[in-house]
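Please open the model in your viewer and keep a selection tool at hand. The tour goes stop by stop, saying what to select and what is found there.

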Amino acid sequence: METASSANYLPLLMQIAVAAGFVIFTLFVTHILTPRINSVKKDDNFECGIDAQGNARFPVSIRYFMTAILFVLFDVEVIFFYPYAVNFYELKLEGLLAVIMFVGFFLTGFYYIYKKGALEWEK
Amino acid sequence: MGKIEDLETINGEGYQLTNLDKAIALARANSVWPLPFATSCCGIEFMATMGSAYDLSRFGMERMSFTPRQADLLIVAGTISKKLGPVLKRVYEQMAEPKWVLSVGACACSGGIFDTYSVLQGIDRIIPVDVYVPGCPPRPEQIIEGVMNIHELVKKESNRRRYSEEYKHLLGTYQIEIDQHGEAK
């Protein structure tokens, strides 16, 4: 059996060099060989075939954000009911009171956002 | 199909020489990336052409490109209305050089049965077309033959053609302005 030495890895090193060299060579050569032609339309950013209109950076109404984030909040609340429903009998009265307290907090929050007018779409 | 055996070579002991243009053209012909611009029934035939029974992948064309920047071959399959004309023209203009156009079906070639006010009577009114495939719709075999004719054109293309005055003039006849020497704007 041969003794292990770093010289044994020379073929591996050569293979890595050839692989990397091929990639670099190809990248350079394609840039030289390919025809490059420009035009105003060709250098345009978008390629759907239709003129771009307006600007994407415009303010969006806060109501979209409010509705979306409140939806996520109450959606997560509903998710917590699933483990409770599975363990409904084991948790007994104590569990029921805990969930009522949990929902109570949420209802308080819901009353607050309702009074604040966060859910009013047209104002 | 272009095979490496078809290439004219000068063979010697331990070396093989060929023409750079021909080697590049052969490589290009075997890896044409199509951009399908399918608008109607011919598009369905084109799907069959891409499917397992006919399998365009045999020609190195399995990679459909849905951005014109990465495509070599624009396959226009279907009716092009006059309203869609400018869109098609812009998509063609934004394709990277070198580029070819395959017009599939009677509608793309000549407007077909839609001899009306709203339909473009052939896409060659707005962009240069390399190969026409007739039929309403053409069978996948016909589309493949059209593609093979494109391959023949690709193999014959000189690497300097896209820089030539003739090419600029050709695009000029379609009101396509190009800058053959400039940098990107």
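Helices (H or I, at least four residues) and strands (E, at least two) are DSSP runs, numbered from the N terminus. With that numbering, start at Pro137(B), in the loop between E6 and H5 of chain B. The peptide bond that leads into Pro137(B) from Cys136(B) is cis, with omega near -10°.

Before moving on, note that this is a predicted model, in which local features need pLDDT of at least 70 and side-chain atom pairs count only at pLDDT 80 or more, while totals for chains, interfaces and linings use all residues. Residues are numbered from 1 along each chain as its sequence is written, and chains are lettered from A and ligands numbered from 1 in the order in which they are written.

**The sheet of chain B**

Select E3, E4, E5 and E6 of chain B. They form an open sheet of four strands in the order E3-E4-E5-E6, with parallel pairing; two strands pair if DSSP finds at least two bridges between them. Strand E3 (34–38) and strand E6 (131–133) of chain B are the edges, each with a single partner strand, so one side of each has no neighbour in the sheet. From one strand to the next the twist averages 15°, an angle taken between N-to-C directions on a scale from 0 to 180 degrees, with axes being lines fitted to C-alpha atoms, for helices over the stretch in contact.

Now narrow the selection to strand E5 (residues 100–104) of chain B, which is joined to E6(B) by three bridges in a parallel run. Leu102(B) has Val131(B) as its bridge partner in E6(B). Towards strand E4 (residues 73–77) of chain B, E5(B) pairs in the parallel sense over five bridges. Here Leu73(B) stands opposite Trp100(B) in E5(B).

Are the residues of E5(B) buried or exposed? Five of its five residues are buried, where buried means that 20 or more other C-beta atoms lie within 10 Å of a residue's own, exposed means 12 or fewer, and partly exposed is in between, with C-beta atoms placed from the backbone. Trp100(B), Leu102(B) and Val104(B) point one way from the strand, and Val101(B) and Ser103(B) the other way. In a regular strand the side chains alternate between the two faces of the sheet.

Step back to Pro98(B), in the loop between helix H3 (85–93) and E5 of chain B. A cis peptide bond joins Glu97(B) to Pro98(B), with omega about -10°.

**Helices H1 and H5 of chain B**

Select helix H1 (residues 20–29) and helix H5 (residues 140–156) of chain B. Their axes come within 7 Å and cross at roughly 155°. H1(B) and H5(B) are therefore roughly antiparallel, the term for angles over 145 degrees, whereas under 35 counts as roughly parallel, 65 to 115 as roughly perpendicular and the rest as oblique. Ala25(B), Leu26(B), Arg28(B) and Ala29(B) of H1(B) make the contact with His151(B), Val154(B) and Lys155(B) of H5(B); residues are in contact if their C-beta atoms, placed from the backbone, lie within 7 Å.

Leu26(B) also leads to Leu7(B), which touches Thr18(B), Lys22(B), Ala23(B) and Leu26(B), not counting residues up to four places away in sequence. Leu7(B) is in the segment before strand E1 (10–12) of chain B. It counts as partly exposed, with 15 C-beta neighbours inside 10 Å.

**Two positive phi angles**

Select Asp55(B), in the loop between helix H2 (41–50) and E4 of chain B. Its phi is positive, about 60°, although Asp55(B) is not a glycine. Gln175(B), in the segment after helix H6 (165–172) of chain B, also has a positive phi, near 60°. Asp55(B) is partly exposed, with 14 other C-beta atoms within 10 Å; Gln175(B) counts as exposed, with 8 C-beta neighbours inside 10 Å.

**Chain A**

Select helix H2 (residues 62–86) and helix H3 (residues 88–116) of chain A. They pack at an angle of about 170°, with their axes 10 Å apart. That makes H2(A) roughly antiparallel to H3(A).

Where is Lys42(A)? Lys42(A) is in the loop between helix H1 (10–33) and H2 of chain A. It counts as buried, with 23 C-beta neighbours inside 10 Å. Across the chains, Lys42(A) touches Glu93(B) and Gln94(B), not counting residues up to four places away in sequence. For the last selection, take the interface as a whole: 13 residues of chain A are in contact with 21 residues of chain B.

Definitions and conventions
Two residues are in contact if their C-beta atoms, placed from the backbone, lie within 7 Å.
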